[in-house]
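Thank you all for coming. I would like to walk through one structure with you this morning, and I will bring it up on the screen now.

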Amino acid sequence: MKTDVFEIGGKTLNSRIFVGTGKYPDNRMISQVVEAAGAEVVTVALRRVNLSSTEENLLQFVPKNCTLLPNTSGARTAEEAVRIARLARAAGCGNWIKIEVIADQKYLLPDNEETLKATRILVDDGFQVFPYICPELMCAKRLQEAGAAAVMPLGAPIGSNLGLQTRALIQILIDEIDIPVIVDAGIGAPSQAADAMEMGAAAVLLNTGISSAADPVGMAEAFGLAIRAGRLAYRSGLGSASVVANASSPLTGFLGETGALA
């Protein structure tokens, strides 16, 4: 099978796992997690980047060969998201940006309308925009038309580890839009990540599922392997399901019957 490279946002990646940098007991663990997962893209909230402090600057723990995907965590409106994105680029974080616009403080669900507004502005500003959304087809199509590099629908609420609660809606996006679908939020187990990849997702973003594990580095490796397995299964073509049994070996020619082996 040919090498399965992932072209997105003007870059070519070999890995389809994106890793977040929040909630680790020690920031020094971030580089270990990234290496164990085999990740090439690392997300970071700009509000957690303190360029004036070596100890508190998360960027120092991100391997230099990784692509940064700053996010606009904390933004409640399109205007706030745009301001944070521009600050991230000015701080040297590159032109990739994950748009998070969240006014709901109970379930932390993204505001699709404000996200679309921010995306249109930032695409015109030359950003590669990765919008985090509730999985809704017309919104995803409008984001595609606006020039988003991908869409990032939630599998379940942020940090919940509940898995693919929006599975059917994500499948619709995968089937109906022409830009990558990256499953983001709620994935809590490697089996869930593999399921997302078997559906045809382009990648999966993990944070809490790794950082909340008893052994985050070991879990990062498990997620990396699961995503590779799920992608390979998708590319290989899963067998069709059936509600009745289908024997894997012929049920004819038993020993002792006419025509059976002597």
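Let me start with a question for the room: is lysine 23 buried or exposed? Lysine 23 is exposed, with a relative accessible area of 53%, where the cut-off for calling a residue exposed is over 50%. It lies in the loop between β3 and α1, and although lysine 23 is not a glycine, it has a positive phi of about 75°. Please keep in mind throughout that what we are looking at is a predicted model.

Now for the overall picture. The protein has 262 residues, of which 49% count as buried, and its secondary structure consists of eight helices and 10 strands. If we take the contacts with a separation of 6 or more, 63% of them are between residues 24 or more positions apart.

I would like to go next to strand β4, residues 41-45. Five of its five residues are buried, so the strand is largely enclosed by the rest of the structure. Val41, Thr43 and Ala45 point one way from β4, while Val42 and Val44 point the other way, and the residues on either side are all buried.

What does β4 pair with? On the one hand there is strand β3, residues 17-19, which runs parallel to β4 and is joined to it by two bridges; here phenylalanine 18 has valine 41 as its bridge partner in β4. On the other hand there is strand β5, residues 67-71, and this pairing with β4 is again in the parallel sense, over five bridges. Within that pairing, valine 42 has leucine 68 as its bridge partner in β5, and for threonine 43 the partner in β5 is leucine 69.

The connection from β3 to β4 deserves a word as well, since β3, helix α1, which spans residues 29-37, and β4 together make a right-handed β-α-β unit.

Strand β5 itself is mostly covered, with five of its five residues buried. Thr67, Leu69 and Asn71 point one way from β5, and Leu68 and Pro70 point the other way, all of them being buried.

Let me stay a moment with threonine 43, which lies in strand β4. It counts as buried because its relative accessibility is 5%, and buried here means under 20%. Leaving aside residues up to four places away in sequence, threonine 43 touches Val19, Gly20, Thr21, Leu69, Asn71 and Leu205.

Two of those neighbours, Gly20 and Thr21, come up again when we turn to asparagine 207, which touches Gly20, Thr21, Gly22 and Tyr24, once more not counting residues up to four places away in sequence. Asparagine 207 has its place in the loop between β10, residues 203-206, and α7, residues 208-211, and at 21% relative accessibility it counts as partly exposed. How far apart are the C-alpha atoms of asparagine 207 and valine 19? They are separated by 5.9 Å, although the two residues are 188 residues apart along the chain.

Moving on to the helices, I would point you to α3, residues 112-124, and α4, residues 137-146, whose axes come within 9 Å and cross at roughly 10°. The two helices are therefore roughly parallel to each other. On the α3 side the residues involved are Asn112, Thr115, Leu116, Thr119, Arg120 and Val123, and these meet Cys139, Arg142, Leu143 and Ala146 in α4. Sorted by class, this contact has five nonpolar, three polar and two charged residues.

Which residues of helix α6, residues 190-199, are buried? They are Pro190, Ala193, Ala194, Ala196, Met197 and Met199, and what covers them includes α5, residues 167-176, β9, residues 182-184, β10 and α8, residues 216-236. Helix α6 is followed by glycine 200, whose phi is positive, near 115°.

Ahead of that helix, in the loop between β9 and α6, we find alanine 185, which has a positive phi of about 85° although it is not a glycine. Lysine 23, with which I began, also has a positive phi without being a glycine, but whereas lysine 23 is exposed, alanine 185 counts as buried, at 9% relative accessibility.

That is where I will stop, and I am glad to take questions.

How values were computed
Residues are numbered from 1 along each chain as its sequence is written. This is a predicted model: local features need pLDDT of at least 70, side-chain atom pairs count only at pLDDT 80 or more; totals for chains, interfaces and linings use all residues. Side-chain values use heavy atoms; hydrogens and water are left out. Buried means under 20% relative accessible area, exposed over 50%, partly exposed in between (1.4 Å probe, protein chains only). Helices (H or I, at least four residues) and strands (E, at least two) are DSSP runs, numbered from the N terminus. Two strands pair if DSSP finds at least two bridges between them. A crossover is right-handed if, with the strands pointing away from the viewer, the path from the first strand over the helix to the second runs clockwise. Axes are lines fitted to C-alpha atoms, for helices over the stretch in contact, and angles run from 0 to 180 degrees between N-to-C directions. Angles under 35 degrees count as roughly parallel, over 145 as roughly antiparallel, 65 to 115 as roughly perpendicular and the rest as oblique. Contact means heavy atoms within 4.5 Å. Ala, Val, Leu, Ile, Met, Phe, Trp, Tyr, Cys and Pro count as nonpolar, Asp, Glu, Lys and Arg as charged, and the others, Gly among them, as polar.
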